[in-house]
Amino acid sequence: MAYEFERTQRIAVLGGGPGGYEAALAGAQLGAEVTLIERAGVGGAAVLTDVVPSKSLIATAEASNAVKEAADLGVQFFAKGDSEKAVKPNVAINLAAVNKRLLGLAAQQSEDMRSNLIEAGVHLVQGEGRLDGPNAVIVSTAKGGTDFDRIEADTLVISVGASPRVLPTAVPDGERILTWTQLYHLQVVPEHLIVVGSGVTGAEFASAYRALGAKVTLISSRDQVLPGEDADAASVIEKVFKRNGMKVMNKSRAESVVRDGDSVVATLTDGREVRGSHCLMAVGSVPNTLDLGLEDAGVQLAESGHIRVNRVARTSMPNIYAAGDCTTFLPLASVASMQGRTAVFHAMGDVVNPPELRNITSNIFTQPEIATVGWTEKEIDEGVVPGVVYKLPLSSNPRAKMMGIRDGFVKLFASSGSGAIIGGVIVAPKASELIFPLALAVEHRLTVDQFAEAFPVYPSLSGSLTDAARAMHVVR
């Protein structure tokens, strides 16, 4: 049954990424008059140039690896016309077709989201928007900025995302020196891809392009790749990278990257040079908050340009909220979506359950993946929270043996007093799927004994979760 609302609340959403999309849907659901302003397309960068296409590329890389490693499971490939001669598969990647597919998937996802908004009754405006005080948005709706609309609202939600950080000594040209938004226009797999930056983005693309057949050199300024992650997990990933033929240059910082004909040269601060065919700059991102009129509207920004928000996504102005990578909260698409919903629920007086930062799951889509939730082992070691740690290698898991999985582990953190699960790390294929039971346990404060009472399928990778919890029974 459809219900008709008297639309008395006006909401303007600036930015149609995950946060803006969910905010608009929530507002329409609660009966508000919602206008969403987006310059590129519904879904924003997350759908069009970031999460959707990058994870689609990674799925292709995983398929490529699966074919290459099939021989380890007894699957043999034979030369044509010679059924007696087994050969090692030579996997060819049609990168032009791969990129066409993933950009098509991104466009379709954007269109699906657009249709959902229209069906919900959201008014869509395409153009460049900026605040005109705390209660209105001015939108340039024509190329060249000659036509403007002024949209007044009781509540504003800012969800404008972020863009790749550009260094003045390594300016992308879209052909040889690239940001992660420009990779999807390559027609062939790079002969030698230099990746500057070993954080999440750099590690994911380095992993994917090595699997696709590129020679990869990863330049990391820290002692180890993924410096902000669990140390054991980062160690596994770096070991896999090197075993797969990737050159990892730790404690190395790129001073500049320049194009030299059909190649690129990365010069390090110690004078060494690395020459390759292409270079991916993965040195972080900057919020798209410049020239939006935020400060004139009374919205406080951090020194980095991010919008300061509290746990309900509210800014320093009571009627202005912000969601996603443009804020000081955790830069994840799932978090942006939750922030968007929370903002509108709070603005309209609905029930709000502010997200708890430590209960949020995150995942790194390398091969294998790294998934985390809750408190970290470092925090336990430093005495920030009293807890015990149990680590179980995947090599002991029967399903992992059947699948030929050599690397990875499950690590659980439990309160040393109550035995409540307070965090965990999973390094495994599809760790992004395996982490959800741990997220539920952390969210609902399940003890290791309560968690161990569940019946996982045998054999399964998820069985390692209950095995680890069972082994921690002594903490009670």
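This passage describes the overall fold of a predicted model and then turns to its charged residues.

We may start with the chain as a whole. Its secondary structure amounts to 12 helices and 25 strands. For 476 residues, a compact globule would be expected to have a radius of gyration near 23 Å, and the 24 Å found for the chain agrees with that. Along the principal axes, the C-alpha atoms occupy a box of roughly 75 × 65 × 50 Å. Buried residues account for 49% of the 476 residues. When contacts between residues at least 6 apart in sequence are considered, 61% of them join residues at least 24 apart. The surface that the chain exposes comes to about 22700 Å², and carbon and sulfur atoms supply 50% of this area.

Charged side chains come next. The chain carries 43 positive and 52 negative charges, and the mean positions of the two sets lie 7 Å apart. In total, the structure holds 26 salt bridges. Several of these are worth a visit in the model.

One of them pairs lysine 239 with aspartate 407, with 3.4 Å between the closest N and O atoms. Lysine 239 belongs to helix α6 (residues 231-243), whereas aspartate 407 sits in the loop between α9 (398-403) and β24 (409-415), so the salt bridge ties together parts that are 168 residues apart in sequence. The two partners can also be described by their surroundings. Lysine 239 has a relative accessible area of 47% and is partly exposed. Aspartate 407, by contrast, is buried, because its relative accessible area of 10% falls under the 20% limit.

A second bridge that links distant parts of the chain involves arginine 311 and glutamate 356, whose closest N and O atoms are 3.8 Å apart. Arginine 311 is found in the loop between β19 (285-287) and β20 (320-322), and glutamate 356 in the loop between α7 (333-347) and β21 (362-364); the two are 45 residues apart. Both ends of this pair are partly exposed: arginine 311 has 42% relative accessibility, and glutamate 356 has a relative accessible area of 37%.

Aspartate 270 and arginine 272 form another salt bridge, with the closest N and O atoms at 2.7 Å. Aspartate 270 counts as partly exposed at 49% relative accessibility, and arginine 272 is likewise partly exposed, with a relative accessible area of 37%.

Salt bridges can also join into a wider arrangement. Arg10, Asp132, Arg150, Glu152 and Asp154 are linked in a network of this kind.

Finally, arginine 210 offers a view of one residue and its surroundings. This arginine has its place in helix α5 (residues 200-211). With a relative accessible area of 24%, arginine 210 is partly exposed, because that value lies between the 20% and 50% limits. Beyond its neighbours within four places in sequence, arginine 210 is in contact with Lys68, Lys215, Val216, Asn244, Gly245 and Met246. A rather different relation holds with aspartate 149: arginine 210 is 61 residues away from it along the chain, and their C-alpha atoms are separated by 48 Å.

Methods:
Residues are numbered from 1 along each chain as its sequence is written. This is a predicted model: local features need pLDDT of at least 70, side-chain atom pairs count only at pLDDT 80 or more; totals for chains, interfaces and linings use all residues. Side-chain values use heavy atoms; hydrogens and water are left out. Helices (H or I, at least four residues) and strands (E, at least two) are DSSP runs, numbered from the N terminus. The radius of gyration is taken over C-alpha atoms; the globule rule is 2.2 Å times the number of residues to the power 0.38. Buried means under 20% relative accessible area, exposed over 50%, partly exposed in between (1.4 Å probe, protein chains only). Contact means heavy atoms within 4.5 Å. Accessible areas come from the Shrake-Rupley method with a 1.4 Å probe; for residues, only the protein chains shown count as cover. Lys and Arg count as positive and Asp and Glu as negative; His and the chain ends are not counted. The place of a charge is taken as NZ of Lys, CZ of Arg, CG of Asp or CD of Glu. A salt bridge is a side-chain nitrogen of Lys or Arg within 4 Å of a carboxyl oxygen of Asp or Glu.
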